Each structure stands twice: as C-alpha cells, then as structure tokens.
Amino acid sequence: MTRFFSADEVGIRHPRRPAGLLGLLALLVGGCVQVPAQDPGPSGPFDPPPPSLRRLTQGQYRSSIHDLLGEDILVSGSLEPDAAIAEFFAVGASATSISPRGVAQYETLAYDVAAQAMAPEHRGALIGCTPTGASDEVCARASLVALGRRLWRRPLTGDEVGELVGIATKAGTTLGDFFSGMQFAIAALLQSPNFLFRAELGHADPEAPPTAKRLFDGYELASRLSYFLWNGPPDDELLAAAESGALDGREGISAEVKRMLGSPRARRGIDAFTSDWLQLHGLDDLVKDTLLFTQISPEIGPAAREEAERDVQRMVLDSDGDFRDLFTARETFVNRRLAALYGVHAPSLDGFGLARFPEDQPRRGLQGQIGLLAMNAHPTSTSPTLRGKFVRTILLCGKIPPPPVDVNTGIPEPSAAARTLRQRLGGHANGACLTCHRQMDPIGFAFEHFDGLGVFRTRENGVAIDATGSLDGTAYSDGNGLASALHDHPDLAPCFVRRLYRYASGHEETFGEEAQIGRFAAGFKNGNYRVRALMTAIATSDAFRRAGQDGE
Amino acid sequence: MARSKISRRTVLKGLLGGAAVSVALPPLEAFMNSSGTAWADKSPFPTRFGIWYWGNGNLPAKWAPAGEGPDWMPSPQLMPLASLRKLITVVSGMSVQTANTVPHGSGPAGLLSGDDMKNDTFSRPSIDQLIAASIGGSTRFASLEVGVQRANKGISHTGPNQVNPPETSPRALFDRLFGAGFRAPGDMSKPDPKLALRRSVLDAVTLQAGRLKTRLGATDRSRLDQHLDGIRQLEKQIDALGAAPQSLAACAKPAAPKDDYPDVEGRAQLSAISRVVSDLVAMALACDQTRVFTNMFSQPVNNLLFPSATEGHHQLTHDEAGDQPQVDAIVVSIIAELAYFLGALQKVQEGAGTLLDHSVVLATSDVSLGRTHSLLDYPILLAGGANGALKTGLHYRSKSSENATRVTLTLLRVLGVHATEFGVGPGRVTGGLDAIVV
C-alpha cells in the first residue's frame, strides 16, 4: 500500500515521548493510569525538534497591525480561525495553513487596513517624505524599506523592495495618487507569507559541530521574544538590537527581556498566554439557558475572561507572587456584573476593581471563578466531570482518553433516591467508567456549591450540596480544601512549566526537551515559583535560541 | 511570469495515490443528460456536489425507513422529507469501518476522507475537496464552506491541518458571494479598475511565497502550498469578477440578509439562519459561483440549546434516559432544515429540471447513536439525481454492514473523479454501491 503521507506530514511532527513498557502496560490496563515520564536526568542533553513556520494567531495579527501601523486602525471582519493542537492555539499555529477563504479575508483586511493607514490624518506617521507626484519612486522606496522591515520583522532584500516599489508606482500612476499607490504596496506587505507567518527557521551554527542545533539569528530571536512576551511584533528598539548584534549574546538578550517585561505590552502578552493556557476562548460564546440563569448576559463570558487575565497579570507583573497562590486566592478583579454574580459589592462603578470572595463561600482561586466554572459546565447544569477534567488535564497535565465506544453513557433521571447530579453520577463509580472518572469526578464534586453559571448555592433540588472529595489522596470537604490540595499538589508547578514552555516554543514538547523542561521546573521551584523569573529564564535560555536540524 | 507549476489539482492527485486514481479533466461530459437540458450558451447543466452535515448523530431505531427499494416510507425522523421522497435515496445499515478513536471525529473522517483522524486532524482530504479539484476549476469559488451554528471548526479538509472553515455569518456569506464586484446576468456595468492592481499584488505575494518555500522543510512547504493555492483561487475569483456575467436564467442577485441573528433566550436562531444560508447557497449554485459546497448545520459535540430542549444537544444524547424523546425532536427539527435546504435547490428551475436534479447532496453526521458514539448503521442520505447519474427515491438497506466508504467512492465517480479505490486500511474500498447508480 502506498503511503500517502510521511509521518512528518500528518499533523504534529514531533515524536512523542516513548511510553516504554510500563506506559504500554498502563494503557492496556485502564487508559487513565498516568504514564510515568522517563526521567532524562538533570544534565540530559537538549535535543529540540526542527523549526516550523508559525502563523500569526488572530490576536497576533491584530496587535501587529496596531503596534506597527497605528493603535487607532480598526481591524474589522473575520480572520482565519485559530485551531488548538495539544490544547494550545500557539501549537496549532505551527501546524495549520491558510484556507482559500482565509486568503480572501486577509486580502480584504489588507486593503481596509492600508486605506486607513494612508488616510490623510494618519499617513504622516508612516511616510517620512513628501511625494513629488502620483509616482515618486524615491519616496516610495524610503517608506517601504522602513515599513517592510517592521511588518516582516527583518530587512527586505533589494528584489523585495523593488517589487513593492513597482506596485506602488504602477498603482499610483493608474489611480493618479501617490498614497493610493502606497495602499497597494502595503496591502502586498500584509498579504505576504512573510507577514502572516513567522519564519523563525534558524541557520546552522558556524561555531558548533555539524550535529549541533540550528541557531536563530537576531531578527528571528527578536520575533520569538516579542510574540512570546508581548504577543505582538518587535518594536524599533528590539529590531535595532537585532541589527546591532546585541541579540547574539546572553547579556544583550537579558537586557531586552528585562525591558520587554517592564513594558505595558507585557500585559497583553500575559493575557494572551493566560487565555491560551486556560482555554478562555470558551468564554466568548457561552451557551446558557437564560430562563434558568437569569443573570446571564452576553457580557458575562468576556468579563470573566478579563477577570482571570487580570488576576494572572497582577500576580506576574505587579505583585510578583507565588504562582501557586493563584489557586487559593480570595482576591480577584471584578466589574459590576461579576460582583453581582459573586454576591460582593462592586469595587468600582465602571471597569474592574479588586474584590474579595465572600468568606462564607468555599470559593477560591482561578478554578473557583465564574469563568472556568461556567465554561466547564452544561447549558442548564453543572458538570463535575468537565470541571474535574479541566483541573486534571490543564492544571495537572494528566491525560484522560475519550470514553470507549459502545458504552452507555446515559445518566439516570432524578429520582427520590438520586436527586442531585452527584447522586445520579454514582454510576461512574462502577466498572469500566471508574478508571477514568475517578481521575475527574472527585475533583469536580468540590465545585458542586456553584451552579452551571458558577453562582453559589447550598442546595440542589432541595438536597444539601455534598462537595466532599479527594485529590490524589488528599481529602477535602469543599472548594476551600480542593484549593489547598491543588496548591500543594506536586504536579501543579511542573505542569505549569511544561505548559508555558509549550506556549513559548509553539510545539508539543518532545522527549529531547524533557531534561531542559526539568531544569526550568527546578529553577521555578528554587526561585519560589515566580512566573516572571520563569519567563525570563525561558526567554534568555540557550534553548530558546535553538531548534533541531530538519530531518531532510 | 514565474509561477509554481504545482497546482492544487496536482497536489490532490498525489493525495489520492498516484496510480490508483487519475483525476479526469474535463469531467462532466459523461454525466450530462443530453436531452436538451443546457444553459443558454448550450453548455449542459453541470453536476453540483454538496455535503450537508449536522452534529451528534441520529437515533438509528427511529431513522431507517420501513420498506426497501422504491417502496419506502419515511421513518419518524425522516418525516420532514416526505414530500421530497422521490428525490432522495436513503442508505442505511452501512458502517464507517475505520477505527473509532476520536468520538465525533472518527466518523466524518472515515466516511469523508477514508481514514481515521490522526493527531487531532483528518489525515487525508475530504471528498468535497477531491471533487472540487476535479470540477471546481471553472467557477469563481472552487468550493464553498458555510455553516449555521456560530463556530469555526470545519469538516472540509484539503489535507492534514488544512481545514476549510465554514462561513457562519449570513451577512458575511452574502458579501462574499454577492457583495462588491458581483454582477448578475445582464448587469453591463464596467468591472472595477482596481481588479488588475489586486492581481498584480497577488503576483508579488506569489513570488514572495516562492522564495520563502526554498528555505522550508517538507511539512512547511506543504503548508505554504496551501497558501499559494488560496492565492491562485483568489486570482481566479478576481478574474471572474472582471469577466462579463454568464447568461444564467435562474441567477439573480438576492437581497442582503440581516447583519445579525442574535440568540433568543440563550438559544441560537438556527432555523432562521439556516434558511437564509440555504437560499444563498442555492443562488450561489444557480449563478454558477461554485459547484461544490459543504454546509455545516451544527458542529460535532455541539451543546446548543434547541427550541424547548431542557439541556444542550450533546449532553442530551448522552444523558437523556429511555428512548430519548428530546434527542428525537432535535433530530427531526434538523431534518426539517435539511428539507428546507433541498427545497431551496428544488425551487431553482434549470431547463426542464431543477437545480436539485442536477445536484447530489450527501447528508450525514458525526456518529449514528450519539449515546455510544456508534459508527454502525451510519446516517447517510443522498438527495438529487446528479444529472441522472444516480437513482433516487430508493431505500438501500445493507444486510452486511457494508463499508460506508462505498458510498463515498460512488460519489467520487459520479462527479467525474475516476477513482479505482477510496480510503486506506479498514476504510479502503474498491467497489462503489452499484445499487444506487443508474
């Protein structure tokens, strides 16, 4: 049989960690038993996979336009959707392409954006010369050299500039206006794969043996750093650092990373990571029965998303606190709508302010917020399984396979004997279902004090809520106890390091990176779980500057 | 002008497996009914292909019609299609036989691409893209992907991780099809002078992509090839706007839909949106803007609140006890929207027949019984006679749980892709379903 695709071509191309005999056995037994990672040891080599093109995510496209062409430019209309792979859009961006409809959408947007950029009140910021007529090659060239370097995140070649000047000249002549002509050249810059994809491909390191890894040049590193830390393009200073060679050395990189984390753009970067890490895009289109949840409105989901983003921002950039406290915190940012749902006084009439969850509710941490509770629930009810699965997989990096086929997944109707969802889910405690559901449901039960929208309740169908459960041997009576168990769970911090590394590198981590991830995790622990220090460690590491050789 | 010679067609041909398949061009002549059914320029009415897809399956016990062959009576779940009975073939009892590793994903991947999902994505192109590579070359859009549920995951795949996401905003769909630049038959206004400039910009982008490609490994080259394919399709779309509109009797520019269809009490206006989308797709076909489409009514695993349902759709398929009356009502309401869509095609008169006569629509879902994620007795409906190439008004009941990809292979052949086989591993078949072919 002909093989139509090489292994490289079927999606994620990076080899997964070999499961080993123990892992295979575990999968055969139940499918939900954790596969113990082979430990490559603290001094294991760093052997990363080859580099991939990374498509700008929707957020990165928008921030690139705003940072480089003007904050006031409207990016309206839809963009090629992001796709999650390995639970991250950042990873999907390394595997997906652009559909024909996406190409057409990018074209429409490119002309829309270019027209705004060249509007009379706006173009002064982007065109540094006064054109002598409808076609002025000198002025077009000077402008496009500067614009191109920003938009493509590297200097353009002579050929590239020449083609763009040709477009500007031809269009300017045809339309009888220099700035109309420039619109077409800018539209060409914006539709180019050199803009839409980040070509961080590296080059063979001349000072290393032939087996060594590919090394990113200064411009590629500038782009890696800025999309990691800012979720946006390099600014002029970063490009200047690339040009001067400052990014070729550890000292220069450290200085730039420090500057970048001190910039307001770092807040945008943290938000983007938070959203991707916690899958908060699920809050953009919540489906909830408005007759049951009368407080729901279309603004709740986005507000809850902002709440979580602000909390992480505060911890990373303002208080520089212990990462684990994100899961026990009682303080959170709320606006008036969220305050009403939490049953607290709104700290501010408009916008967000700090508030404290009520002391008489077992509500704590990110996992106790409206956002994650509403997202991991059903339109009319809670879901201990979905909520537990989120904690198990996203926060603790456990793996839960899909339910086997031909299993009757029906849940009994409420009855006199089983009035609460928890009672009705009792069937999960039997036989084949047990292996996986015991990894999820006992965590999820801790959230049963919060309805399908995340609002506090003490009873369900007249029966007092039972929120007891246990997390890997630590028993608790409600969400407070779960928060503490989560805070102290040995997998929590290592899992976070793994997730942040995955986000930064744009691929699902491979076995050759385990040792390096282990070193990051050890540093995170030794530094008392400071995320800012972890981000700095990743961004300034030798690992972040290198990729593997392409197999070809 | 310097241009990559690797066309979309060549790429897809490679995917189909070299010797096993040749993509015939032009493909249509063999399937034309020659008895005077033709457009004004004497070209025969082309055969259109579409997928109409909904998420979360059916209830097999209430799905298969009573009676076989031409004498079938609609089952409870197919009752909305009763008036179209003569134009529909129900294929029941067949199974998707590729591995069922991804609930709600393996079914459509197996049926439409002939292989299971791998690494969270289809591993091969879906049938609509294979057909578009064959017959999509002459229309403005090689294929059109639309949807009703507000979501952006698509089932149409050009290759692994190469998804064609559905357009789910009726207004954006209208703008794309009939917005600026579209000229209906008889509209003699001049084409926009900027079209040529847009073309030259795309020439430059193509050059840039070509240079980038030389620096990439195989996987990234293939990703960029899809980008380049999209650019070529956009060039074709621009050229189509520059050409004089065809004289097509049934083509008229429709009215623009509303900008927004907001949820009502947490429930999406699925029926209203579906009907607008149906009419737009019908007119896109009548105006020969495309000949291939995928209409995703709802997404796999969707948890939409349907009218009067007490829980989300997906949740109900798993949790609802007994005979699942709520799931049943939801399936019936979805089939009613399918009936509206097919009715919209039937309303378009083309010569002695209708657009539906000149089409074949494969209506299917992601599972059969949602509760168990079953791929047995898979829901498969075919509507329209494909210009006389397919029998209609039949119920074909498989006695041996035959491989559902036999239907896929049949459809490929009917649409002019001379495939000797389809699918790989347990999805592979070499024979079509002769019982439904004229």
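# A guided tour from one strand outward

Begin by selecting I51(B), which stands opposite T294(B) in strand β7(B). This is a predicted model, in which local features need pLDDT of at least 70 and side-chain atom pairs count only at pLDDT 80 or more, while totals for chains, interfaces and linings use all residues. Residues are numbered from 1 along each chain as its sequence is written, and chains are lettered from A, with ligands numbered from 1, in the order in which they are written.

**Stop 1: strand β2 of chain B**

Extend the selection to the whole of β2(B), residues 48-54. Helices (H or I, at least four residues) and strands (E, at least two) are DSSP runs, numbered from the N terminus. Five bridges join β2(B) to β7(B), and the two strands run parallel. Two strands pair if DSSP finds at least two bridges between them. On pairing with β10(B), β2(B) is again parallel, over seven bridges; there G50(B) stands opposite V361(B).

Is β2(B) enclosed or open? Seven of its seven residues are buried, so β2(B) is largely enclosed by the rest of the structure. A residue is buried if 20 or more other C-beta atoms, placed from the backbone, lie within 10 Å of its own, exposed if 12 or fewer, and partly exposed in between. Both faces are covered, with R48(B), G50(B), W52(B) and W54(B) on one side and F49(B), I51(B) and Y53(B) on the other.

**Stop 2: the sheet around it**

Next, display the seven strands of the open, mixed sheet, in the order β4-β7-β2-β10-β11-β3-β12 of chain B. At the edges stand β4 (144-147) and β12 (395-397) of chain B, each with a single partner strand, so one side of each has no neighbour in the sheet. The twist averages 15° from one strand to the next.

At one edge, β4(B) pairs with β7 (292-296) of chain B in the parallel sense over four bridges, and L144(B) stands opposite F293(B). Now add helix α10 (405-414) of chain B, which packs on the sheet and touches β2, β3, β10 and β11 of chain B. Its direction makes about 160° with that of β10(B); axes are lines fitted to C-alpha atoms, for helices over the stretch in contact, and angles run from 0 to 180 degrees between N-to-C directions.

**Stop 3: a loop residue**

Select S401(B), in the loop between β12 and α10 of chain B. Most residues other than glycine have a negative phi. S401(B), although not a glycine, has a positive phi of about 50°. With 13 C-beta neighbours inside 10 Å, S401(B) counts as partly exposed.

**Stop 4: where the chains meet**

Show both chains: the contact takes 67 residues from chain B and 66 residues from chain A. Two residues are in contact if their C-beta atoms, placed from the backbone, lie within 7 Å. Which element gives the most to the side of chain B that touches chain A? That element is α6(B), with 14 residues.

**Stop 5: chain A**

Finally, colour chain A by its domain assignment: domain 1 (56-198), domain 2 (214-263), domain 3 (275-403 + 410-487) and domain 4 (492-546). These bounds come from an automatic or database domain assignment. The C-alpha centres of domains 1 and 2 of chain A lie 22 Å apart. Here 11 residues of domain 1 of chain A are in contact with 10 residues of domain 2 of chain A. The largest share of the domain 1 side, six residues, comes from α2(A).
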